[in-house]
Amino acid sequence: MKKYWKISRDYLLIALGAFIQAVSLRIFFVPANLASGGVSGIAQLINYYTGWPIGLMVLIGNIPLFLLGWRFLGGRRFAMKTAFAIVLYSLFTDLLLKTPAFGPDGAATALIDQLAGDIFLNSLYGAIISGIGYGLVYRAGGTSGGSDILARILNHWRGIPMTQSYLMVDTVVILSAGFVFGWKEALYAMITLYVSGLVSETVLEGGETVRAAMIITNKPENVSARVIEDLQRGVTYLEGRGAYTGSSRPVLYCVVSRAEVVTLKTIVNEIDPEAFMVIGVAHEALGEGFRPLKGS
């Protein structure tokens, strides 16, 4: 039963994410001539010249990419969720125009009219809302087709990092849109892609970033005792050896919230001003003292 609930939840998230992406495209990107990147951006260019439905063009354009994804990215497991996301996104993109919200007196039409001519607000709202949609699809283990598939193929086939793969694929579309819509619109489209990526990453990984600290000190017992007492955080002893001195000493490892970093620095400084400390960013902490690991 639990397995079926997880599968159902994933497909619900994909459906919601596809709907949000379509809303963002129709309300913010298309009216402002902001190319959304990937197949959707190409479909916008085709629609600009021919008037052909954007959703239909997205569906047709994703068919060869979908077949490539089947070949390189995992067959049936990849196909089910990706096909579901592509079909729903394509349908929502065209069917939204037939809803009352996009009619003469609809809420969507009123919002479009209100933001008409303000490319900055269109790009900002479009980036945030589409980023939420992408993040929900990714969180469910799916992809949105288009540049997602190409980027993953380039990463799998040629070993190109995902960030570079996305940049390569979407830059070609944005540059093409610059010749059609204008270079100001192309610049804002690039900014939109960047912000959208940040938002989708936050939705995917969570916004509760924490700090992981490694502390090398001559007074490890005193420091760990204060951290446990003052911050109520656990501390782990790691075995370390200095490359220059050859001497062994423990390395303290602990994870704290952003708000607790200042207190941690104060504790270490008060006990051992000569200590060495490295503080890094961790996207998520699961377990005692943080979010439960089960069901995360």
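Q: Helices here are DSSP runs of H or I with at least four residues, numbered from the N terminus. With that settled, where does Pro31 lie?
A: Pro31 lies in the loop between α1 and α2, the latter being residues 38-50. One thing to keep in mind as we chat is that this is a predicted model.

Q: Thanks! Is Pro31 buried, partly exposed or exposed?
A: Pro31 counts as partly exposed, because its relative accessibility is 40%.

Q: And which residues does Pro31 touch, skipping those up to four places away in sequence?
A: Leaving those neighbours out, Pro31 touches Leu25, Arg26 and Ile112. There is also a C-alpha separation to mention: 9.5 Å between Pro31 and Ile119, which sit 88 residues apart along the chain.

Q: While we're in that loop, what is the phi of Asn33?
A: Asn33 has a positive phi of about 55°, although it is not a glycine. Most residues other than glycine have a negative phi. Asn33 is in the loop between α1 and α2, and its relative accessibility of 29% makes it partly exposed.

Q: What about Gln232, what phi does that one have?
A: Gln232 has a positive phi of about 60°, and it is not a glycine either. You'll find Gln232 in the loop between α10 (220-231) and β2. Gln232 counts as exposed because its relative accessibility is 63%, and the cut-off for exposed is over 50%.

Q: Since you mention β2, how do β2 and β3 run, and how many bridges join them?
A: They run antiparallel, with six bridges joining β2 (residues 236-241) to β3 (residues 248-256). Thr236 stands opposite Tyr253 in β3.

Q: How many residues lie between the strands of that hairpin?
A: Six residues lie between β2 and β3, and Gly246 in this hairpin takes a positive phi near 80°.

Q: Switching to rings: how many aromatic pairs does the structure hold?
A: It holds seven aromatic pairs. One of them is Tyr11 with Phe84, an edge-to-face pair with 5.0 Å centre to centre and 75° between the planes.

Q: Which parts does the pair of Tyr11 and Phe84 tie together?
A: Tyr11 belongs to helix α1 (residues 2-29) and Phe84 to helix α4 (residues 75-95), so the pair ties together parts that are 73 residues apart in sequence. Tyr11 is partly exposed at 21% relative accessibility, and Phe84 is partly exposed at 28%.

Q: And why does the pair of Tyr48 and Tyr49 count as edge-to-face?
A: The ring planes of Tyr48 and Tyr49 stand at 85°, with centres 5.4 Å apart, so the pair is edge-to-face; the angle needed is over 60 degrees. Tyr48 is partly exposed at 47% relative accessible area, whereas Tyr49 counts as exposed at 61%.

Q: Which residues do ring pairs link into a cluster?
A: Ring pairs link Tyr48, Tyr49 and Phe181 into a cluster.

Q: Last topic, the surface. Which residues form the nonpolar patch?
A: The patch is formed by Leu56, Leu59, Ile60, Val87, Leu91 and Leu95, with about 480 Å² of accessible area together. Two elements, α3 (54-72) and α4, give two or more residues to the nonpolar patch.

Q: Where is Leu56 found, and how exposed is Leu56?
A: Leu56 is found in helix α3. Leu56 counts as partly exposed because its relative accessible area is 40%.

How values were computed: Residues numbered from 1 in each chain as written. Predicted model: local features only at pLDDT ≥ 70, side-chain atom pairs only at ≥ 80, totals over all residues. Heavy atoms only, no water. Pairing = 2+ DSSP bridges. Phe/Tyr/Trp six-rings, centres within 6.5 Å; stacked < 30°, edge-to-face > 60°. Buried < 20%, exposed > 50% of the residue type's maximum accessible area, 1.4 Å probe, protein only. Patch = residues over 30% accessible without salt bridge, like charges linked within 9 Å, V, L, I, M, F, W, Y side chains within 5 Å. Areas by Shrake-Rupley, 256 points an atom, 1.4 Å probe, with all protein chains shown as cover. Salt bridge = Lys/Arg side-chain N within 4 Å of Asp/Glu carboxyl O. Contact = heavy atoms within 4.5 Å.
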